[in-house]
Structures are given as structure tokens and as C-alpha cells.
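The exercises below ask you to read a protein model step by step. Keep the sequence and the structure in view while you work through each solution.

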Amino acid sequence: MWSVMVPMPSATEAMNDQALLDIARRSIEHGLYYQQRWLPEIREYPPAWHEQRASFVTLKRLGDLRGCIGTTEAIDPLVVSVARNAYSAAFNDPRFPALSVEEYDSIELSLSLLTPAEAVEFTCEAELLDRLVPGHDGLIIEHGNRRATFLPSVWESLSTPDEFLTALKHKAGLTVQQAPERAWRYSSETISE
């Protein structure tokens, strides 16, 4: 049996990985137990968590993806971003049904804390491919009103720049022949259970 009472760090505690994972868990548990979103009071957390940061929360169940939601722009304080994205990954990822109580104990969480995205200058797709750093770069591409991103962790399954970009174009709804018009790269710190 699970409980929604995940201890919160005091304002004097330094930011640590487990405490951020606990916030994500608390958000998901609140959704399971109360069927609504929980957002933390930022003043109850260390000042480092008040800074606006972009984040993604990934859920895996038995090694398979079970949800992944996030933002590439820093619009919320870190503590709010993690809580909001954890809830959304569990209950609002359109690729999956809402997480059930029965599944919860077998879920593994990982957090990706993103650096600010920087524009990648390129004149052709080959030039964009040359600028990618496999295993390090997350990438956002845009063509018209279509946009998509892959986190740096996606390099684990798509190891060459060509595979990475081709799959990202597919995710954005582009054809193989359509080159991105704009691109941005970022890196991330990953925190996993």
C-alpha cells in the first residue's frame, strides 16, 4: 500500500536528487489518491529550487516507457516544474491511459533538468548533423508550425546523428525530405531512481 505522505525537505536542506524524486512521487501519489494535481508551495523548499528551470519527467514500467512529459522552456520554478510534469507524465500523456494504482509500485522515475536551449546555426541538414554531439545534445527542431524535441537520453536507442534526426523529424510529423528550418540544442542532468 502506498501513501501520499512523502516527507518534504526543510528550507535549510541543500538541494538533492532524492528530494526532487520525492516531489515527483508525491505529485503522482496525490493524483492517484485525490484525482487532482498537487503543486508545492515553493517557499517551503530551498532557494535553489525557486529558480525557473525546464524539466521532463519520464516514467518507465518494467523497462518500457509509460509516460514522458516536460517543457523545453523554463517557465516555472524547478520544484513546480517537476511536480507539474510528474503529474502530466502519469495522467496526461496522450500515448498512454492514466496511470493506475495497480501500476504505481512498478514505476521507475527519471527527471531531466534542462539547460537553456541555444540556437544551432546551419544552412543544410548535413551541417546540422555535423553540429550534433551524440550522447550529449538534446535537440528541438521546427519546420513551419511543427515542432518536436528529443532529450539527450534518446541517444541510448538512436546512436547516430542521422538516426536521431530522422526519428525526430518523424515525431514532428515531417517527411524524410523535409529539413528543419530552425533548431536548438540543450543538455540535461538526469536523476533516476
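Before starting, note that a residue is called buried when its relative accessible area is under 20%, exposed when that value is over 50%, and partly exposed in between. Note also that the model is predicted.

**Exercise 1. Cysteines**

Decide whether Cys68 is buried or exposed, classify Cys124 in the manner of the definition, and state how many disulfides there are.

Step 1. Cys68 has a relative accessibility of 19%, and because the limit for burial is under 20%, Cys68 counts as buried.

Step 2. Cys124 has a relative accessible area of 39%, which lies between the two limits, so Cys124 is partly exposed.

Step 3. A disulfide requires a pair of cysteine sulfur atoms within 2.5 Å, and by this rule the count is zero.

**Exercise 2. The sheet that contains strand 3**

Give the order of the strands in the open sheet that includes strand 3, name the edge strands, and describe how strand 3 is paired and how enclosed it is.

Step 1. This open sheet has four strands in the order 2-1-3-8, and the pairing is antiparallel. In general, the strands of a sheet pair through backbone hydrogen bonds, in either a parallel or an antiparallel way.

Step 2. The edges are formed by strand 2 (64-70) and strand 8 (188-192), each of which pairs on one side only. On average, neighbouring strands of the sheet are turned by 20° against each other, if direction is ignored.

Step 3. Strand 3 (residues 107-114) pairs with strand 1 in the antiparallel sense over eight bridges, and Val57 stands opposite Leu111 in strand 3. Strand 3 also pairs with strand 8, again in the antiparallel sense, over five bridges, and here Leu113 stands opposite Glu189 in strand 8.

Step 4. Seven of the eight residues of strand 3 are buried, and therefore strand 3 is largely enclosed by the rest of the structure.

**Exercise 3. Helices on this sheet**

State which strands helix 1 lies across and which strands helix 2 touches, and give the angle for each helix.

Step 1. Helix 1 (residues 17-34) lies across strand 1 (54-61), strand 3 and strand 8, and it runs at about 120° to strand 3.

Step 2. Helix 2 (residues 78-91) packs on the sheet and touches strand 1, strand 2 and strand 3, while its direction makes about 35° with that of strand 1.

**Exercise 4. The other four strands**

Find the order of the open sheet that includes strand 5, and explain why one side of each edge strand lacks a neighbour in the sheet.

Step 1. The four strands of this open sheet follow the order 4-7-5-6, with antiparallel pairing.

Step 2. Strand 4 (118-119) and strand 6 stand at the edges with a single partner strand each, so one side of each is left without a neighbour in the sheet.

Step 3. Strand 5 (residues 138-143) and strand 7 (residues 182-186) pair in the antiparallel sense over five bridges, and Ile140 has Trp184 in strand 7 as its bridge partner.

Step 4. Helix 5 (residues 161-172) packs on the sheet, where it touches strand 5 and strand 6, and its direction makes about 135° with that of strand 6.

**Exercise 5. The largest pocket**

State how much space lies in the largest pocket and which residues and elements line it.

Step 1. The largest pocket holds about 780 Å³ of space.

Step 2. It is lined by 26 residues, of which Thr58, Leu65, Cys68, Ser153 and Val154 are the closest to its centre.

Step 3. Two or more lining residues come from each of strand 1, strand 2, strand 3, strand 6 (146-150) and strand 8.

**Exercise 6. Residues in loops**

Locate Gln35, Leu62 and Asn92, and describe the setting of each residue.

Step 1. Gln35 lies in the loop between helix 1 and strand 1; its phi is positive, at about 55°, although Gln35 is not a glycine. With a relative accessibility of 59%, Gln35 counts as exposed.

Step 2. Leu62 belongs to the loop between strand 1 and strand 2, has a phi near 55°, and is exposed at a relative accessible area of 68%.

Step 3. Asn92 is placed in the loop between helix 2 and helix 3 (101-104), and at 41% relative accessible area Asn92 is partly exposed. Leaving aside residues up to four places away in sequence, Asn92 touches Arg37, Ile69 and Tyr87.

Note on methods:
Residues are numbered from 1 along each chain as its sequence is written. This is a predicted model: local features need pLDDT of at least 70, side-chain atom pairs count only at pLDDT 80 or more; totals for chains, interfaces and linings use all residues. Side-chain values use heavy atoms; hydrogens and water are left out. Buried means under 20% relative accessible area, exposed over 50%, partly exposed in between (1.4 Å probe, protein chains only). Two strands pair if DSSP finds at least two bridges between them. Axes are lines fitted to C-alpha atoms, for helices over the stretch in contact, and angles run from 0 to 180 degrees between N-to-C directions. Contact means heavy atoms within 4.5 Å. On a 1 Å grid over the protein atoms alone, a cavity is a set of points where a 1.4 Å probe fits but cannot get out, and a pocket is an open set with protein on both sides within 12 Å along at least five of seven lines; lining residues have an atom within 4 Å of a point. Grid points are joined across faces, edges and corners, and a volume is the space filled by probe spheres set on the points.
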